[in-house]
Amino acid sequence: MDSATSDPTTGTRPPLRSTADNGLKIVVVGGFGVGKTTMVRSVSDIRPLNTEETMTRAGEGVDDADDVPTKTTTTIAFDFGRISLDERTVLYLFGAPGQERFWFLWDRLFTGTLGAVVLVDTRRLTDSWYAIDRLEHHGMPFIVARNDFGGPEHSADDVREALDLPDSIPLIDCDARSRESSKEVLITLVNHLYTLSSARESAK
């Protein structure tokens with residue numbers, strides 16, 4: 001992935017190349033507080049658009065934050081970032097909101113999407129079930145990335161069994177705070193999409 005990087009002297013990222021004419025859209029989904037905004041922010045070539053707001057008492061009893069007591073902000077619409085893959089191809093990243101009350105936005109975000117990353121916290125695997133169910137409902141290809149929260153160790157086989165994932169769906173570890181780690185997640189997804197596309201072509 002030949003994504004552009006920041007200018008070390010100015011801290012700015014380069015503008016979109018005028019030669020770019022192929023845009024690919026992917027969505028990062030998952031439960032509340034699993035690191036979707038962090039991933040988009042860490043890997044985007046541009047300053048990402050986000051709709052994070054401070055959590056207030058109005059959300060008490062509505063958003064279940066018991067498992068993420070240090071979380072003080074929440075995404076209320078979506079996050080948006082961009083990566084230049086090469087001279088002609090740009091990847092557009094959309095981070096979906098995790099709270100149940102905003103799930104109605106997911107179907108709209110899925111429109112025109114080639115594939116998705118399901119970001120999971122192994123301490124709260126059940127929070128990922130809805131995301132996987134909706135992707136399967138839409139017939140959308142996806143991979144699963146386990147975000148490192150320093151919790152109890154679970155083997156890949158344990159996670160696959162808990163999420164009922166077939167071997168054909170890639171499952172990798174990541175640190176959403178790390179640009180390089182998040183890039184590896186996206187590379188894995190792009191490779192998975194390419195493999196699926198090649199298989200369909202061969203079957204014709």
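## Lys-183 and Glu-180 in helix α5

Lys-183 is buried, its relative accessible area being 11% (buried means under 20% relative accessible area, exposed over 50%, and partly exposed in between, with a 1.4 Å probe and protein chains only). Its partner Glu-180 is partly exposed, at 48% relative accessibility. The two side chains form a salt bridge with an N to O distance of 3.6 Å (a side-chain nitrogen of Lys or Arg within 4 Å of a carboxyl oxygen of Asp or Glu). Both residues belong to helix α5, 3 residues apart, or about one turn of the helix (helices are DSSP runs of H or I with at least four residues, strands are E runs of at least two, and both are numbered from the N terminus).

## Basis of the model

This is a predicted model, in which local features need pLDDT of at least 70 and side-chain atom pairs count only at pLDDT 80 or more, whereas totals for chains, interfaces and linings use all residues. Residues are numbered from 1 along each chain as its sequence is written, and side-chain values use heavy atoms, leaving out hydrogens and water.

## A link between distant parts of the chain

Asp-45 and Arg-179 form a salt bridge, with their closest N and O atoms 3.1 Å apart. Asp-45 lies in the loop between α1 (36-43) and β2 (52-54), and Arg-179 in helix α5 (residues 179-203), so that the pair links distant parts of the chain, 134 residues apart. Asp-45 is buried at 1% relative accessibility, and Arg-179 is buried at 16%.

## Other salt bridges

The structure holds 8 salt bridges. Among them, Asp-175 pairs with Arg-177 at 2.9 Å, N to O; Arg-177 is exposed, at 61% relative accessibility. Asp-121, Arg-123, Arg-124 and Asp-127 are linked in a salt-bridge network.
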